[in-house]
Amino acid sequence: MQSFKFKEEDLAKYVEKHGFVTKHRQSELNALAAYWYAEKGLRGKKLKDALIEFCEKNDASFRVTRDYAMVSKALKQAAKKPLIQIDSCPVYKE
C-alpha cells in the first residue's frame with residue numbers, strides 16, 4: 001500500500017475506488033466526506049446517504065444504528081476541514 005501522508009485527496013480517491021484500506025476507518029471516512037463535499041458538491045442528506053451506502057457496501061460489520069456516530073463525525077468534519085494535499089516541501093539552505 002502506498003503512503004498517503006499529507007495527501008488526503010489521494011487517500012479519498014483511493015478509498016472511494018477500493019473501499020476501506022486500513023483499520024483507521026474514521027480518518028478515511030472523514031477524508032472521503034470532505035472530498036465528496038468539496039469536489040462533488042454533495043451536501044446534507046445526499047452526503048449522509050452516500051456515506052452510509054459506502055459504509056454498508058465496504059464494511060460487512062457496519063450497522064447504521066451502532067456506527068452512526070462515525071458517519072455523523074465525518075459529516076461535521078467535511079464542511080469544516082479542507083483536504084490537505086502536499087506533494088513536496090522544498091527546504092533550502094542559505
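A residue counts as buried when its relative accessible area is under 20%, as exposed when that figure is over 50%, and as partly exposed in between. Keep that scale handy as we walk through this predicted model, because aspartate 67, with a relative accessible area of 18%, falls on the buried side of it. Its salt-bridge partner is arginine 66, and the two side chains meet at 3.0 Å, N to O. Arginine 66 sits at 52% relative accessibility, so this partner counts as exposed. Here, then, a buried aspartate 67 is paired with an exposed arginine 66.

That pair is one of 6 salt bridges found in a search of the whole structure. Another joins glutamate 8 to lysine 81, with 3.1 Å between N and O. This one ties together distant parts of the chain: glutamate 8 belongs to helix α1 (residues 8-18), while lysine 81 lies in the segment after α4, 73 residues apart. Glutamate 8 has a relative accessible area of 18%, so it is buried, whereas lysine 81, at 37%, is partly exposed.

Helix α1 has a second link of this kind. Lysine 40 forms a salt bridge with glutamate 16, and their closest N and O atoms are 2.5 Å apart. Again distant parts of the chain are linked, with lysine 40 in the loop between α2 and α3 (44-58) and glutamate 16 in helix α1, 24 residues apart. Both ends are partly exposed: lysine 40 has 45% relative accessibility, and glutamate 16 has a relative accessible area of 26%.

Now go back to glutamate 8 and lysine 81, since both turn up in the lining of the largest cavity. How many cavities of 30 Å³ or more does a search of the whole structure find? The search finds 1, and about 50 Å³ of space lies in the largest cavity. Besides that salt-bridged pair, the lining includes Asn30, Ala31, Ala34, Gln77 and Leu83. By type, the lining residues split into 5 nonpolar, 2 polar and 2 charged.

Which helix gives the most to this lining? It is α2, with 3 residues. Helices α2 (25-39) and α4 (64-80) each supply at least two of the lining residues.

Asparagine 30 is a good place to finish. This residue is found in helix α2 and is part of the cavity lining. With a relative accessible area of 14%, asparagine 30 is under the 20% cut-off and therefore buried. Leaving aside residues up to four places away in sequence, asparagine 30 touches Lys73, Ala74 and Gln77. Of these contacts, Gln77 also lines the cavity.

Methods
Residues numbered from 1 in each chain as written. Predicted model: local features only at pLDDT ≥ 70, side-chain atom pairs only at ≥ 80, totals over all residues. Heavy atoms only, no water. 1 Å grid on protein atoms, 1.4 Å probe; cavity = no way out; pocket = protein on both sides within 12 Å on 5 of 7 lines; lining within 4 Å. Points joined across faces, edges and corners; volume = space filled by probe spheres on them. Helix = DSSP H or I, 4+ residues; strand = E, 2+ residues; numbered from the N terminus. Nonpolar A, V, L, I, M, F, W, Y, C, P; charged D, E, K, R; others polar. Buried < 20%, exposed > 50% of the residue type's maximum accessible area, 1.4 Å probe, protein only. Contact = heavy atoms within 4.5 Å. Salt bridge = Lys/Arg side-chain N within 4 Å of Asp/Glu carboxyl O.
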